[in-house]
Amino acid sequence: SMRRAIEEFGMHLKEVGPKAVGVFYYAGHGIQVDGQNYLIPIASDIRIKIDIREKAIKASFVLREISSAGNNMNLFILDTCRENKSTNRGRLGIQGFKKMDAPAGSMVAFSTGSGDLAKDGPPGGNSPYSKALAEYISTPGLTVEEVFKNTRVKVMAKTNKRQIPREDSSLTSDFSFVPINKKVGPEG
């Protein structure tokens, strides 16, 4: 169902046209195996490599689906703690995500650097990354680059520099989640 939802999102972006801004935000478990980054759907029980190919979603698949829509801007945000509690990490040789290059007009944002593990949030709570991102994404007038820079600074402070969010950007236009002239609140 996750794969189908991603395909439908890509088709929807195509339908709304080139001026659409595609935002894919994934908060959950992710792993890297044999140089490939995978997103792990909820309730996936992954114990051996074949489970990954059958039950997880390649991050590159998501990026390709969204980028193929032909719109001018896509943001691909991965807030992954990068370890699956049910996975035998030693046997699979899993480490943090591998760096991904952003296609033209896109930004790939990671909750931490390549090869590193990100902090998970408390049970029922948000990770340091998602908390900081939520704060800055709703700040009027910040450019997308400022949102992620401010998020990085806050996460580094919160984790004593053990987690350093990263982005790979090939953005070709300007964007603010909340433009300065847009009212925030019940009226606007």
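This is a short tour of one sheet, two helices that lie across it, and a few residues to click on. Keep in mind that you're looking at a predicted model.

**Stop 1: the sheet.** Select β1, β5, β6 and β7. Together they make an open sheet of four strands, in the order β1-β5-β6-β7, with mixed pairing. Look at β1 and β7 (166–169): each has a single partner strand, so these two stand at the edges, with one side lacking a neighbour in the sheet. From one strand to the next, the twist averages 10 degrees.

**Stop 2: β6 and β7.** Now pick residues 106–110, which are strand β6. This strand runs antiparallel to β7, and four bridges join the pair. Want one to click on? Ala-109 has Glu-167 in β7 as its bridge partner.

**Stop 3: the helices.** Add α1, residues 2–16. Helix α1 lies across β1 and β5 (73–80), at about 165 degrees to β1. Next, show α3, residues 59–67, which lies across β1, β5 and β6 and runs at about 160 degrees to β5.

**Stop 4: Phe-9.** Zoom in on Phe-9, which sits in α1. Buried or exposed? Phe-9 counts as partly exposed because its relative accessible area is 25%, between the 20% and 50% cut-offs. Beyond its neighbours within four places in sequence, Phe-9 is in contact with Gly-22, Val-23 and Ile-66. Try the distance tool on Phe-9 and Gly-22: C-alpha to C-alpha, they're 8.7 Å apart, and 13 residues apart in sequence.

**Stop 5: a surface patch.** Finish with Val-21, Val-23 and Tyr-25, a nonpolar patch on the surface with about 210 Å² of accessible area together. Tyr-25 belongs to β1, residues 21–28, and is partly exposed at 37% relative accessible area.

Methods: Residues are numbered from 1 along each chain as its sequence is written. This is a predicted model: local features need pLDDT of at least 70, side-chain atom pairs count only at pLDDT 80 or more; totals for chains, interfaces and linings use all residues. Side-chain values use heavy atoms; hydrogens and water are left out. Buried means under 20% relative accessible area, exposed over 50%, partly exposed in between (1.4 Å probe, protein chains only). Contact means heavy atoms within 4.5 Å. Patches are made of residues with over 30% relative accessible area and no salt bridge: like charges are joined within 9 Å, nonpolar side chains (Val, Leu, Ile, Met, Phe, Trp, Tyr) within 5 Å. Accessible areas come from the Shrake-Rupley method with a 1.4 Å probe; for residues, only the protein chains shown count as cover. A salt bridge is a side-chain nitrogen of Lys or Arg within 4 Å of a carboxyl oxygen of Asp or Glu. Two strands pair if DSSP finds at least two bridges between them. Axes are lines fitted to C-alpha atoms, for helices over the stretch in contact, and angles run from 0 to 180 degrees between N-to-C directions.
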